[in-house]
Amino acid sequence: QVQLVESGGGLVQPGGSLRLSCAASGNIFRINVMGWYCQAPGKRRELVATVTRAGSTNYADSVKDRFTISRDKDKNTVYLQMNGLKPEDTAVYYCNVDINGMDYWGKGTLVTVSS
């Protein structure tokens, strides 16, 4: 049984920072890609950032200068450091991991940016 546990969401003021984490556990042979997606109310789920096993990263244009994705292979954990948060970043953030060639999704963690 594979499980993803997300944490780090919460309420923050504009310009503030948050650090999201997602830990994968279970029968894991190989993790190929780890990433974060966001979904605001009434909107489609969109890619925020991904990181491959080799360390290659990909970011949405809207977050390139503010967010940083990283992963700890030994802990099977992916992080999203979010700086300079804006109200438009408010959304549920979902962890997505390619484990053994299959996609797994976390339940999501809510990020609210408001003054």
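What follows is a walk through one predicted model, from its open sheet to its disulfide and its salt bridges.

Let's start with the sheet. Four strands make up an open sheet, and reading across it the order is β1-β3-β8-β7, with antiparallel pairing. The edges are β1 (3-7) and β7 (67-72), each of which pairs on one side only. From one strand to the next, the twist averages 15 degrees. As a reminder of what holds such an arrangement together, strands of a sheet pair through backbone hydrogen bonds, either parallel or antiparallel.

Now step inside the sheet, to β3 and β8. Strand β8 covers residues 77-82, and six bridges join it to β3, the two running antiparallel. If you want a landmark for that pairing, take L20, whose bridge partner in β8 is L80.

Just before L20 comes R19, also in strand β3. Is R19 buried, exposed or partly exposed? With a relative accessible area of 43%, R19 is partly exposed, because buried would require under 20% and exposed over 50%. Leaving out residues up to four places away in sequence, R19 touches S7, G8, S70, Y79, L80 and Q81. For a sense of how the chain runs on from here, look at N32: R19 and N32 are 13 residues apart along the chain, and their C-alpha atoms are separated by 22 Å.

Over in β8, have a look at T77. T77 has 7% relative accessibility and so counts as buried. The side chain of T77 reaches the backbone oxygen of K75 at 2.9 Å. Setting aside neighbours within four places in sequence, T77 is in contact with S21, C22, A23, M34, S70, R71 and D72.

One of those contacts, C22, brings us to the cysteines. The model has one disulfide, and it is formed by C22 and C95, with their sulfur atoms 2.1 Å apart. C22 sits in strand β3 (residues 18-25) and C95 in strand β9 (residues 91-99), so the bond links distant parts of the chain, 73 residues apart. Which hand does this disulfide have? The torsion about the S-S bond is about -85 degrees, so the disulfide is left-handed. Both C22 and C95 are buried.

C38 is buried too, with a relative accessible area of 17%. Why does C38 not bond to C95? The closest cysteine sulfur to that of C38 is the one in C95, and at 14 Å it is too far for a bond, because a disulfide needs the two sulfur atoms within 2.5 Å.

While we are at β9, follow the chain onward into β10. Strand β10 takes in residues 102-105, and it pairs with β9 in the antiparallel sense over four bridges. N96 stands opposite W105 in β10. The two strands form a hairpin with two residues between them, and N100 in the turn has a positive phi of about 55 degrees.

That leaves the charged pairs. Side chains of opposite charge can pair when their charged atoms come close. How many salt bridges are there? The count comes to two.

One of them joins K64 and D61, with the closest N and O atoms 3.0 Å apart. K64 is partly exposed, its relative accessible area being 47%, whereas D61 counts as exposed at 66% relative accessibility.

The other salt bridge is between D89 and R66, at 2.7 Å from N to O. D89 lies in the loop between β8 and β9, and R66 in the loop between β6 and β7, so the pair ties together parts that are 23 residues apart in sequence. Here both partners are buried: D89 has a relative accessible area of 6%, and R66 has 13% relative accessibility.

R66 deserves a second look. The loop that holds R66 runs between β6 (57-59) and β7, the latter being one of the edge strands we met in the sheet. Besides its pairing with D89, R66 uses its side chain to reach the backbone oxygen of S62 at 2.9 Å. Leaving aside neighbours within four places in sequence, R66 is in contact with Q81, M82, N83, G84, L85, K86 and D89. Q81 also turned up earlier, among the residues that R19 touches.

Key: Residues numbered from 1 in each chain as written. Predicted model: local features only at pLDDT ≥ 70, side-chain atom pairs only at ≥ 80, totals over all residues. Heavy atoms only, no water. Buried < 20%, exposed > 50% of the residue type's maximum accessible area, 1.4 Å probe, protein only. Contact = heavy atoms within 4.5 Å. Pairing = 2+ DSSP bridges. Axes fitted to C-alpha atoms, helices over the stretch in contact; angles between N-to-C directions. Polar contact = N/O pair within 3.5 Å; in protein donor to acceptor, adjacent residues only side chain to side chain. Salt bridge = Lys/Arg side-chain N within 4 Å of Asp/Glu carboxyl O.
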